[in-house]
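User: I'd like to go through this model and check what stands behind each label. Can you take me through it?

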Amino acid sequence: MDTLVPDDLEQAEGQKLSGVAYGALLDMILRGAIAAGEPVTERLIAARLGMSRTPVREAVRRLEGEGTLQRQRGGALVVQPYSMETFLHALAVRRLLEGEAARLAAGKIDSTVLAEMRERIARLRREGLGGARQDDRDFHAAIAQASGNPVLATTIGDLRKRTAMFRLGRLPERLDQVCDEHLAIVDALAGGDGETARAAMQGHIDNVRAHLLQRLTAI
């Protein structure tokens, strides 16, 4: 039986901590706790997370490699600014990929997962936007994973992280419509109807795009 020697244990622990630092730092960026264009330093992030700088350094490198952080000419790292044009391009790709993921996932998602999706949608309708952001992430991630294509799921996850960085505030006026759109997707998935699931997912993303454009023109 293979065992971990002390150096292996130290490396495994370091990888675990860097993963925690990555998740925490990414969440801070997505929540807007660190704004677009704001400098990111290992020392300050380590202090905010209560961690040493080593795992934070690895997390920062990972986020820089993904394009979430951008290194400026002077060497400083900042949160990558996200333009409306870039957002719309990413949303167009999401429409294609998430539509295909929904088609592939139809009839494959466990009934308990579908039941949890329905419960979360009902809770959102009852209680409002409280945990809506995480519920939305989980909803789309579950469908991507159920597609059976890990490359597709990873690509969708990356695109969703990028579009989440473009914030116009929460959209309470679309709450009931989003619930209806998610339910239509769940119904198609439960019925094993791939083409209907694809159309429902693409319609949902089309409505997100249209609503954001409408809000921008009204600003």
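**Labels and their cut-offs**

Analyst: Let's start at a glycine: Gly148, just after H6, takes a positive phi of about 85°. Gly107 does likewise just after H4, with a positive phi of about 80°. Before we go on, this is a predicted model, where local features need pLDDT of at least 70 and side-chain atom pairs count only at pLDDT 80 or more, while totals for chains, interfaces and linings use all residues. Residues are numbered from 1 along each chain as its sequence is written, and side-chain values use heavy atoms, with hydrogens and water left out.

User: What makes a stretch a helix or a strand here, and how many of each are in the protein chain?

Analyst: Both are DSSP runs numbered from the N terminus: helices are H or I with at least four residues, strands are E with at least two. On that basis the protein chain has 9 helices and 3 strands. Read from the N terminus, the order is α-β-α-α-β-β-α-α-α-α-α-α.

User: How do you know that the span of helix H4 agrees with its 22 residues?

Analyst: The expected span is 1.5 Å times one less than the number of residues. For H4 (residues 84–105) that gives 32 Å, and the end C-alpha atoms are 30 Å apart, so the two agree. Helix H6 (residues 132–146) has 15 residues and reaches 21 Å from first C-alpha to last, close to the 21 Å expected.

User: Why is Phe87 called buried?

Analyst: Buried means under 20% relative accessible area, exposed means over 50%, and partly exposed is in between (1.4 Å probe, protein chains only). Phe87 is at 4%, so it counts as buried. Phe87 lies in H4, and its C-alpha is 7.9 Å from that of Arg162, 75 residues away along the chain.

User: And what makes Arg94 buried?

Analyst: The relative accessible area of Arg94 is 9%, and the limit is under 20%, so Arg94 is buried. Arg94 also sits in H4, where the buried residues include Met84, Leu88, Leu91 and Glu98. In H6, Asp135, Phe139 and His140 are among the buried ones. Across the protein chain, buried residues make up 35% of the 219 residues.

User: Which residues does Arg94 contact, leaving aside neighbours within four places in sequence?

Analyst: Contact means heavy atoms within 4.5 Å. With those neighbours set aside, the partners of Arg94 are Gly99, His140, Leu159, Arg160, Thr163 and Ile205. For the protein chain, take contacts between residues at least 6 apart in sequence: 75% of them join residues at least 24 apart.

User: Why do strands S1 and S2 count as edges?

Analyst: Two strands pair if DSSP finds at least two bridges between them. The open sheet of 3 strands has the order S1-S3-S2, with antiparallel pairing. S1 (39–40) and S2 (69–71) each have a single partner strand, so one side of each is left without a neighbour in the sheet. S2 and S3 (residues 77–79) are antiparallel and joined by 3 bridges, which meets the cut-off of at least two. Within that pairing, Gln70 has Val78 as its bridge partner.

User: What makes Arg62 a charge over the ring of Tyr22?

Analyst: The rule asks for NZ of Lys or CZ of Arg within 6 Å of the ring centre and within 35 degrees of the ring normal. Arg62 lies over the face of Tyr22, at 3.5 Å from the ring centre.
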